[in-house]
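Here is a set of questions and answers on one protein model. Keep the sequence and the structure in view while reading.

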Amino acid sequence: MVEGRWRTAGSALLRVIVVWAVSTLTMLALAGLLPDFQLQSDDGDSITRTALTAAYGAGAFGLLTALVWPVVVRALLLVPALVLGLLVFFLNGSLLLIALWLIPDDRGAADPETAVVVAAVMSAVASATSTALAVRDDNAYRRRLSRLADRRRRRRGADEDRSGPPGTVFLQLDGVGHDVLRRAAEDGVMPTVAGWLGTTHRLTPWRTDWSSQTGASQLGILHGSNHDVPAFRWYEKDRGRFMVSNRPAGAVELQRRAIERTGDGGLLTVDGASRGNLFSGGADQLALVLSMAARRGRANRSRAGYFAYFSDPANAVRTALSFVAEVAREIGQSVRARLRGDRPRIGRGGLYPLIRAFATVVERDVVVAAVIGDMLAGRTAVYADLVAYDEVAHHSGPHSRDAAQVLERIDRSLALIAKVADHAPRDYRIVLLSDHGQSPGETFEGAYGLTLKDLVRAGCGLPVSRRAERSKSGAEARDAAGDALRMALHRRPADGADEQPARGSDPIVLASGNLALISFPDVAERLSREQIEARHPALLSTLANHPGIGFLLVGSEEHGAVVLGAGGAQAPIAEVPIARLADDGPLAGFGPGAADAVRRTDSFPHVADIMVNSMYDPKTGTVHAFEEQIGSHGGLGGEQSQPFLLSPLELSAPVGDGEGLVGAERVHRVLRRWLRECEGPQVPLGPLGPADSVTPLG
């Protein structure tokens with residue numbers, strides 16, 4: 001505590017010195033620009049003497065302003081606002097004249113009119129400098145928000161009694177896996193979390209569905225159902241449309257489907273707030289919620305949260321400075337990684353430094369400010385998503401120093417939120433959770449020289465890029481496709497039935513981390529293995545036997561569906577019917593529950609013709625993303641499927657001893673139970689109100 005006080009005092013002293021120095025430079029500049037403002041004796045002075053005179057005058061003016069101005073303002077409280085506004089300039093000018101009079105040897109002088117101008121400029125510069133230095137001070141920021149909240153509550157006549165039921169704040173640390181959080185706490189990267197572990201909070205791992213990504217997990221957590229969300233992005237044959245979880249149209253439709261399936265509005269239906277999320281959770285207080293972005297009405301727009309935040313100039317300065325610093329930090333980290341020859345590594349140029357700064361600074365500041373405002377307003381339940389770590393880990397790696405630095409800054413935000421709880425009108429229980437983790441590894445293209453789309457096209461005998469043709473995998477796939485085609489021509493049925501795909505039937509390949517979905521849009525229904533092999537005889541064997549692919553899921557006329565893996569001496573492909581699928585065979589190494597996760601996805605109406613999961617090495621924990629990410633999530637394999645819950649000990653345990661917590665829908669039920677324990681919002685089971693209805697896509 002003593003060390004913290006000394007640090008605070010040192011920071012305050014540094015700010016005073018910096019403001020003094022800037023004010024001195026401002027006074028020197030004005031003396032050079034204004035003919036009636038003098039900082040030298042009549043005989044002239046050296047530059048050093050003039051600078052000392054400016055420092056003396058700036059210090060005297062700052063001291064007088066700090067000591068005299070509050071007394072003068074208090075004495076003039078009864079003066080009309082317009083008159084007081086005019087007096088401000090006169091009084092500031094008077095204080096400057098006094099400061100110049102105090103300079104020894106009469107070296108400072110100014111006409112009264114010039115003194116008013118100089119005083120106004122110096123006050124503005126000193127105020128801007130002081131604000132720029134203080135805005136990044138979390139304690140100062142917290143105190144300022146607290147004062148604003150106190151004034152708001154006094155205007156509303158709010159009751160200050162904290163004896164009512166506690167509120168709950170759910171903070172989602174996007175992409176932070178269970179093991180990453182535990183190591184960060186143990187290594188001192190997240191001291192706030194370390195202080196909670198084992199003392200006030202319990203840490204519980206949970207397991208995602210096959211689709212280990214925010215769209216599926218957060219939909220299940222907030223709305224109780226992530227049925228028919230096979231991946232981050234997929235193609236729906238019946239509608240002829242692509243679905244992408246982080247696009248407004250996709251988020252709207254997914255939320256509508258979840259509400260229709262469950263019959264209730266979501267976790268936050270009563271007195272809830274949703275901040276920075278893909279989905280609303282039924283909350284009426286929204287900021288940066290993607291599923292509400294397309295709604296009409298200014299209050300419900302996704303960007304309304306930005307307007308509310310940046311309408312405060314101090315917020316704008318605070319975030320702008322941090323944004324510039326983060327862009328510079330990313331450029332420096334990227335250059336150092338390239339010079340060190342770090343592997344794996346992906347390109348981090350172009351707009352990425354700006355995208356990273358937006359996620360790690362702008363999004364963080366707006367969401368944290370909104371959560372603090374919700375707590376100071378006494379809302380019952382708040383759910384917010386902090387996406388900074390996930391963005392950086394995709395490009396730098398989940399275990400990189402870059403990602404660890406982001407966790408340090410997230411931890412400071414958590415500490416700030418915890419401190420703000422002391423000023424809130426009610427007690428708050430803070431729950432940390434994540435929606436998925438991330439698994440490291442070289443990209444599929446980086447490891448094998450071609451993309452999965454190239455491999456699929458080669459396996460279908462379709463043209464591919466020159467680079468893919470030159471790669472070993474591409475050449476092998478094209479040779480296999482040619483051999484299979486020649487064999488198929490010899491086996492063509494006597495009736496001449498054309499089994500070749502129709503014109504325009506090129507496969508659609510969509511990547512979601514280390515999970516990929518292959519669809520043939522010319523056929524309305526899900527293709528079976530038999531149909532795929534009749535159309536493209538070499539495709540499934542090419543994919544199943546590729547070293548970068550772990551397993552496939554395809555439909556089957558005989559078994560309903562089958563999981564395919566690399567073959568051996570007895571068979572070109574290992575095949576396991578979905579009914580007999582277990583956590584061994586093609587799924588060996590992917591962890592407990594993998595078979596159940598695959599079976600569940602197979603039941604979805606929009607499961608792809610071919611579901612492809614990359615390889616996973618249990619020894620190194622690595623996977624191969626099918627997109628440009630060296631830290632990925634979206635499928636099975638490693639830490640990506642192992643997020644966490646960090647909950648206060650006052651709340652009941654998420655699951656019983658020896659029981660696992662599996663699936664986002666189960667997490668939703670746990671959070672609902674905790675809200676009931678806090679006497680929080682009860683999720684209605686009756687008809688939905690207008691605020692909960694979402695217009696379906698056409």
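**Cores, turns and surface**

Q: Which residues have the most contacts inside the largest nonpolar core?
A: The model is predicted. Its largest nonpolar core has 59 residues. Those with the most contacts inside this core are Phe 170, Trp 210, Tyr 383, Leu 553, Val 598 and Leu 671.

Q: Which helix gives the largest share of this core?
A: The largest share is 6 residues. They come from the helix that spans residues 664-677, which is H22.

Q: How many residues are in the other core that lies apart from it?
A: Ala 287, Ala 403, Ile 410 and Leu 414 are among the members of this other core. Its count is 48 residues.

Q: Which aromatic residues are linked with Trp 210 into a cluster?
A: The whole structure has 7 aromatic pairs. Trp 210 touches residues distant by more than four places in sequence, including Leu 515, Leu 553, Val 598 and Met 611. Phe 551 is also one of its contacts. Ring pairs join Trp 210 into a cluster with Phe 551, Phe 590 and Tyr 616.

Q: Is His 668 buried or exposed?
A: His 668 sits in helix H22. Leaving out residues up to four places away in sequence, it touches Gly 220, Ile 221, Leu 222, His 223, Gly 224 and Leu 267. The relative accessible area of His 668 is 3%, and the cut-off for buried is under 20%. So His 668 is buried.

Q: Why is helix H13 largely enclosed by the rest of the structure, and what does it pack against?
A: H13 covers residues 388-396, and 9 of the 9 are buried, so the helix is largely enclosed. Charged side chains are on the buried list too, including Asp 390 and Glu 391. The buried residues of H13 pack against helix H6, H12, strand E9, helix H14 and strand E20.

Q: Which residue with a positive phi follows H13?
A: Ser 396 is one of the buried residues of H13. Phi is near 105° in the residue that follows the helix, Gly 397.

Q: What is the phi of Asp 271?
A: Most residues other than glycine have a negative phi. Asp 271 is not a glycine, yet its phi is positive. It lies in the loop between helix H9 and strand E7. At 31% relative accessibility it counts as partly exposed, and its phi is about 55°.

Q: Is Leu 288 buried or exposed?
A: Leu 288 has a positive phi near 60°. It belongs to the loop between strand E8 and helix H10. Its relative accessibility is 6%, so Leu 288 counts as buried.

Q: Which residues does the cis peptide bond with omega of about -5° join?
A: Most peptide bonds are trans. This one is cis. Pro 344 is in the loop between helix H11 and helix H12. The bond joins Arg 343 and Pro 344.

Q: What accessible area do Tyr 56, Ile 98, Trp 101 and Leu 102 have together?
A: Ile 98 is found in helix H3. Its relative accessibility is 39%, so it counts as partly exposed. Tyr 56, Ile 98, Trp 101 and Leu 102 form a nonpolar patch on the surface. Together their accessible area is about 450 Å².

Technical notes: Residues are numbered from 1 along each chain as its sequence is written. This is a predicted model: local features need pLDDT of at least 70, side-chain atom pairs count only at pLDDT 80 or more; totals for chains, interfaces and linings use all residues. Side-chain values use heavy atoms; hydrogens and water are left out. Patches are made of residues with over 30% relative accessible area and no salt bridge: like charges are joined within 9 Å, nonpolar side chains (Val, Leu, Ile, Met, Phe, Trp, Tyr) within 5 Å. Accessible areas come from the Shrake-Rupley method with a 1.4 Å probe; for residues, only the protein chains shown count as cover. A salt bridge is a side-chain nitrogen of Lys or Arg within 4 Å of a carboxyl oxygen of Asp or Glu. Helices (H or I, at least four residues) and strands (E, at least two) are DSSP runs, numbered from the N terminus. Buried means under 20% relative accessible area, exposed over 50%, partly exposed in between (1.4 Å probe, protein chains only). A nonpolar core is a set of buried Ala, Val, Leu, Ile, Met, Phe, Trp, Tyr and Cys residues joined through side-chain atoms within 4.5 Å. Contact means heavy atoms within 4.5 Å. Rings of Phe, Tyr and Trp (its six-membered ring) pair if their centres lie within 6.5 Å; planes under 30 degrees apart count as stacked, over 60 as edge-to-face and the rest as tilted.
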